[in-house]
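Here is a report on how two chains meet, and on the local features that stand out. Please look over the sequence and the fold before reading on.

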Amino acid sequence: MKIHEYQARQLFRKYGIPVPEDVLCYTVSEVEKATRELNRMVVVKAQVLVGGRGKAGGVKLARNVDDAVSAAKQILGMDIKGCKVEKVLVSDAVEITKEYYVGLINDRNTKSVTLMVSSEGGVEIEEVAKDNPEKIIKFHINSLTGLLDFQARDIAFQLFGDITQAKQAASIFTKLYKLYVETDATIAEINPLVLTPDNKVLAIDGKMNFDDNALFRQPEILAMREPDEDELVEIDASSKGLSYIKLDGNIGCMVNGAGLAMATMDMIKLYGGEPANFLDIGGSSNPQKVIDAMNILLNDKKVTAVMINIFGGITRCDDVAKGLIKAMEVITTNIPIVVRLSGTNAAEGLELLKQTNLPTVSSMSEAAKKAIELSRQ
Amino acid sequence: MSILVNKDTKLVVQGITGRDGKFHSGKMKAYGTNVVAGVSPGKEGLLIDGIPVFNTVAAAVKATGANTSIVFVPAAFAADAIMEASEAGIKLVIAITEGLPIQDMLRVTPFLKQNGTLLIGPNCPGLITPDEALIGILPGNIFKKGNIGFISRSGTLTYEVVNLLTLNDFGQTTCVGIGGDPIAGLYFVDLLERFENDPETIAVVVIGEIGGDAEEQAAQFIADKMTKPVVAFIAGQTAPTGKRMGHAGAIISSGSGTAAEKIAAFNKAGVPVAKEPNEIPVLLRELLNK
């Protein structure tokens, strides 16, 4: 789960990480009022859940109220990579002596939370990793002890020569780690962390993502969720025990199991079709799940054929067939549906499905070919 | 021979009184797995399918000599269950549970390392040495004893491919579902090394998917250390960036972890990558006939 910058800043403040003053605004007049009250040079920043907003013109410096108003007029309503800007953050524009990068991630290989810092701040860390990998300092944190003070100091001294600056940075590292662990984050990034002319170290921009598996114990984080249209459909599917991701093609897929669902999409593409979605219905033969899944697929108006791909393991194909038959009694559609059943009791399942008039096949490749053919009629 | 589990495996089932734990304990026992105990706090004295239930893993180990555990405990409590097994002296834990928070796994990992406990999963279908031990939720009927080692990040895709192998007369030494989470126990390289050292295994099938770089590491290991042929398949070539494809670990982030990178790494290591599941037995036959 992702949150906006203004929300990350709220969390930073809660954990004592210094951030500039800011006001969240939804309208041009709110921006005007906020700028007047801050009574300083400000930055007007689009609040969207995609990266690259700076390059897209979604961040503008404003020297006075008139500047801020004209920036707000340009940014509010702007489209950034398909996201419409509905709110902006008006932030105190602090003077910057130097920019740094600080990030925490879960590293799959060392199976640890990894702290990454760099003297190259303000640019994407992936670019630094590519062009100047020696400028990134990495530290793998032992989850049983956490980030210890002396470790944080040691890393801070590698970035800051001055003791008062290093102390501030070390404190920010330990606070960010505490925030990261306590909120079950998967990314916590301060980019840039800045040094000001009066020797203050503070966080100018923040990005945080969270572990979906841990949201059950993070009510405060869950309350920050602001899903876009596609995500609303995904969240609704998830509440029904389905895992759904919309794609751009026209062949709807309904599969049991995530790996098989991906392999099904790939196969459709390999044979010259375009998959409309990823959809894993899990391992049950519950007719309600099939009905819910079919409703989601048919709500996508691009879909011109559906491929149901079931490999029966512990869930027997005859049970799946019975579930499908019940589901088909409720579903009315003209869109062709190809059913593939294989594995445990597949023959019995296919026999049962004869009463539905649905085209049935026993191999995945036949099903993909048939679905592509029917999608073009 | 085989790897990790065999006739001598003595299994304890953690969460045996839950719906899935109960159902699959029966299935595993019917397959012939030596299921010696179950654990469910407060249910000691019960018998489930003739399997004695204990309050703690330590008590189960003491009474039955269990050496391997399978965890069906719900996600919020699964990390604790895994560590309980480790502390009780269990040397191999298989965690079936889906949805464990990553922070929990980050604490489990160093804890298990201290005790010398190996983990498979979480969020995995388990593993099987055909005709000896089935530990997990895999459908036993599609597997067949033979000489192919099998490692996969997926569940039903494993069944799809194993079924194709069995139909093409490629039996298996051991098949391991390593699970779909970003932080997990034994992974490709750990298992490839065991298959390389297993005298009965003559070739290995690796089923990877998008997310992380474990397949790239596997490719490097195969190039550097393996003498046995390997065939690979990668799921998720059509997956979009930034979306979790069902499995928590199956996500392309900032353009890395793509199927194309993994396929290129295998190709560079001389490992043929099947374009679709059907092609796996074909490639295997070609390699073994060389």
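The report below covers the chain interface, the domains of chain B and then local geometry.

**Between the chains**

This is a predicted model. In it, 49 residues of chain A are in contact with 60 residues of chain B. Together the two chains bury about 4,100 Å². Carbon and sulfur atoms carry 59% of that area. Three residues stand out on the chain A side: Arg108(A), Lys111(A) and Ile314(A) supply 19% of the area that chain A buries against chain B, more than any other three residues.

Polar links also cross this interface. There are 17 residue pairs in polar contact between chain A and chain B, with both residues at pLDDT 80 or more. Helix H9 of chain A, residues 258–270, gives the most to the side of chain A that touches chain B, with 10 residues. By class, that side of chain A has 22 nonpolar, 14 polar and 13 charged residues.

The count of salt bridges between chain A and chain B is 4. One salt bridge joins Arg217(A) to Asp104(B), with the closest N and O atoms 2.9 Å apart. Side chains of opposite charge can pair when their charged atoms come close.

**Inside chain B**

Chain B divides into domain 1 (11–120) and domain 2 (139–288). Their C-alpha centres lie 27 Å apart. How many residues does each domain of chain B bring to the contact? Domain 1 of chain B brings 9 and domain 2 of chain B brings 11.

The table sets the two contacts side by side.

| Contact | Buried area | Share on carbon and sulfur |
|---|---|---|
| Chain A with chain B | about 4,100 Å² | 59% |
| Domain 1 of chain B with domain 2 of chain B | about 790 Å² | 69% |

The domain contact in chain B has 0 salt bridges. It has 1 residue pair in polar contact, both at pLDDT 80 or more. On the side of domain 1 of chain B that touches domain 2 of chain B, the elements giving two or more residues are helix H4 (102–115) and strand S7 (118–120) of chain B. H4(B) gives the largest share of that side, 4 residues. That side of domain 1 of chain B holds 8 nonpolar residues, 1 polar residue and no charged residues.

**Side-chain pairs**

Over all chains, the structure holds 35 salt bridges. Among them is the pair of Arg9(A) and Glu5(A), whose closest N and O atoms are 3.4 Å apart. Both residues lie in helix H1 (residues 5–14) of chain A. Arg9(A) and Glu5(A) are 4 residues apart, about one turn of the helix.

Aromatic pairs number 2 over all chains. Tyr100(A) and Phe160(A) form a tilted pair, 4.4 Å centre to centre, with 45 degrees between the planes. Tyr100(A) lies in strand S7 (residues 98–107) of chain A and Phe160(A) in the loop between helix H5 (149–159) and helix H6 (163–182) of chain A, so the pair ties together parts that are 60 residues apart in sequence.

**Backbone features**

Where do cis peptide bonds occur? One joins Asn191(A) and Pro192(A), with omega about 10 degrees. Pro192(A) sits in strand S10 (residues 185–195) of chain A. Another joins Gly121(B) and Pro122(B), again with omega about 10 degrees. Pro122(B) belongs to the loop between S7 and strand S8 (126–129) of chain B.

Lys111(A) returns here. This residue is not a glycine, yet it has a positive phi of about 50 degrees. Lys111(A) is in the loop between S7 and strand S8 (112–118) of chain A.

Definitions and conventions: Residues numbered from 1 in each chain as written. Chains lettered and ligands numbered in written order. Predicted model: local features only at pLDDT ≥ 70, side-chain atom pairs only at ≥ 80, totals over all residues. Heavy atoms only, no water. Domains from an automatic or database assignment. Contact = heavy atoms within 4.5 Å. Buried area = accessible area lost by both parts, 1.4 Å probe. Salt bridge = Lys/Arg side-chain N within 4 Å of Asp/Glu carboxyl O. Polar contact = N/O pair within 3.5 Å; in protein donor to acceptor, adjacent residues only side chain to side chain. Nonpolar A, V, L, I, M, F, W, Y, C, P; charged D, E, K, R; others polar. Phe/Tyr/Trp six-rings, centres within 6.5 Å; stacked < 30°, edge-to-face > 60°.
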